[in-house]
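Hi,

Here is the structure I promised to send over. Have a look at it first, and then read on for what turned up in it.

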Amino acid sequence: MARRRRKKQKTRNYTKYLLTLLLACALYFGYEPLANVIQPAPATTEALPADANALLPAPLKDTPEKILVRRGYTVSYNLEHNLPNWVAWELTPDKLIERESRTDKFLPDPDLPEDVAVTTDDYKRSGWDRGHMCPAGDNRWHWRAMQESFYMTNICPQHHNLNRGDWKELEEACRDWAQREGRIFIVCGPVLYRQPHKTIGREHRITVPEAFFKVVLCPDSNPPRAIGFLYKNTSGNHPLDSYVNSVDQVERITGIDFFPALPDEVEEKVEAEYDLGLWKR
C-alpha cells in the first residue's frame, strides 16, 4: 500500500514538473515577441524636409488667400487688401549666380483677372515705393524668375528710406547667409495692425502696411536655427540687431504659422531661440 502511494506521488511530481516546463515554454515563446512589441523603439532623428514647398506656412485662418506658385517663390495673396499675406522662397548659392540682368518692368499678375490685378499705375505719385518681398536680386538665376519677381502680387507699398536702406541690408545679409550655409528658407510679408489703414491706388485700393516681417530658417546647420525680423514701415537707419525677434514673436504678431512641417521638437526649439551672433560667424 505504501509502495503504491509512493508511485502515485512520483507520478504526480513528474506531471507537475512537465506542466511547469510546458508553461515556461509557452511564456517564453508566446509572450517574448509581445514584449518586444511593447518595448519603446530606439530614438531616431527625424529628417528635415528637403523640399522648399514642405516648409511653406500653414494655411491661414479667417484671412483671404490665393496661393500663386512662381519659378522663384510662392505667394499667398490677399485680394481684400491687394497685398501678399506672405511670400516664401528657398535661397541657395546656385541661385546667387547672376545669369540675368534686373528688368525693372513691373507687371500685373497674369493669373488674376484684368479688372482685379494691381498695376504699377496704382503706385504713381503715391509717395510709396514698389517694395519687393522676394527681391529681384534673389532671382537673377533664371529669366523667368526675374520676370515674375516684378509681378505686382510680390509688391507692397514701402517707405522709400526702408526699401533702399535697412530692408535692402537685410536682403543682402540673407544672400551672405545662403552663400555660407548652403541653403536657407525665407518668408516675408506685410504686417497690418488692428487700426485704420492708409490706402493708395487709382483703379485698385491697396492697403499700406504698418510694418514688415521676415523669418529665416537654416535647416542644415548643426543644430538647425531660425531668426525673425520686424521693421516699421517708416524712415530709419538702424543696425540689423535693432530688428531681431524670435520666430515665435513674429507668429504672435502676424498670426502665421511658419515652418509647420518641421519635426515638433525642432520647430519648438528654433522658433523660440534667436541669436544674431550665430548668423554673423
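Before the strands come up, one term: two strands count as paired if DSSP finds at least two bridges between them. By that rule strand 3 (residues 83-91) and strand 6 pair, in the antiparallel sense and over 5 bridges. One facing pair to look for is Glu-90 and Phe-185, the latter in strand 6. Please keep in mind that this is a predicted model.

**The overall picture**

The protein has 281 residues, and buried ones make up 45% of them. There are 7 helices and 11 strands. If you take the contacts between residues at least 6 apart in sequence, 68% of them join residues at least 24 apart. The accessible surface comes to about 16,100 Å², with 51% of that belonging to carbon and sulfur atoms.

**The sheet**

Which strands make up the open sheet, and in what order? There are 7 of them, running 1-2-3-6-9-10-11 with antiparallel pairing. Strand 1 and strand 11 stand at the edges with a single partner strand each, so one side of each has no neighbour in the sheet. As a reminder, strands of a sheet pair through backbone hydrogen bonds.

At the strand 1 edge, strand 1 (residues 66-69) and strand 2 (residues 74-78) form a hairpin, with 4 residues between them. The two run antiparallel and are joined by 4 bridges. Leu-68 is a handy place to start there, as it stands opposite Val-75 in strand 2.

Further into the order, strand 6 (residues 184-191) is joined to strand 9 by 7 bridges, again antiparallel. Val-191 faces Ala-211 of strand 9. Is strand 6 enclosed or open to the outside? It is largely enclosed by the rest of the structure, because 8 of its 8 residues are buried.

**Two helices**

Helix 4 (residues 166-181) has 16 residues, and at 1.5 Å a residue it should span 22 Å. Its end C-alpha atoms are 22 Å apart, so the model agrees with that expectation. Its buried residues are a mixed set: Asp-166, Glu-171 and Arg-175 are among them, along with Trp-167, Leu-170, Ala-173, Cys-174, Trp-177 and Ala-178. Right after helix 4 comes Gly-182, with a positive phi near 105°.

In helix 5 (residues 247-254), the buried residues are Val-247, Val-250 and Glu-251. Looking down the axis of helix 5, you will find these buried residues within an arc of 105°, so they line one face of the helix. What do they pack against? Their partners are strand 9 (211-218), strand 10, strand 11 and helix 6 (264-272). Helix 5 is also followed by a glycine with a positive phi, Gly-255, and the value there is near 75°.

**A buried asparagine**

Asn-233 is worth a click. You will find it in the loop between strand 10 (225-232) and strand 11 (244-245). Its relative accessible area is 4%, and since buried means under 20%, Asn-233 counts as buried. The Asn-233 side chain reaches the backbone oxygen of Pro-209 at 3.0 Å. Beyond its close neighbours in sequence, Asn-233 touches a number of residues, including Trp-128, Pro-157, Gln-158, His-159 and Leu-162. It also touches the run made up of Val-208, Pro-209, Glu-210, Ala-211 and Phe-212.

**Backbone oddities**

Most residues other than glycine have a negative phi, and most peptide bonds are trans. These spots depart from that pattern:

- Asp-62 has a positive phi, near 60°. It is in the loop between helix 1 (2-38) and strand 1, and it is exposed, with a relative accessible area of 83%.
- Phe-259 has a positive phi as well, near 50°. This residue lies in the loop between helix 5 and helix 6, and it is buried, with a relative accessible area of 1%.
- The peptide bond from Asn-222 to Pro-223 is cis, with omega near 0°. Pro-223 belongs to the loop between strand 9 and strand 10.

Cheers

Methods. Residues are numbered from 1 along each chain as its sequence is written. This is a predicted model: local features need pLDDT of at least 70, side-chain atom pairs count only at pLDDT 80 or more; totals for chains, interfaces and linings use all residues. Side-chain values use heavy atoms; hydrogens and water are left out. Buried means under 20% relative accessible area, exposed over 50%, partly exposed in between (1.4 Å probe, protein chains only). A polar contact is a pair of N or O atoms within 3.5 Å; within protein, one must be able to donate a hydrogen and the other to accept it, and residues adjacent in sequence count only if both atoms are side-chain atoms. Contact means heavy atoms within 4.5 Å. The arc is that of the directions from the helix axis to the C-beta atoms. Accessible areas come from the Shrake-Rupley method with a 1.4 Å probe; for residues, only the protein chains shown count as cover. The expected span of a helix is 1.5 Å times one less than its number of residues. Lists of a residue's contacts leave out its neighbours within four places in sequence.
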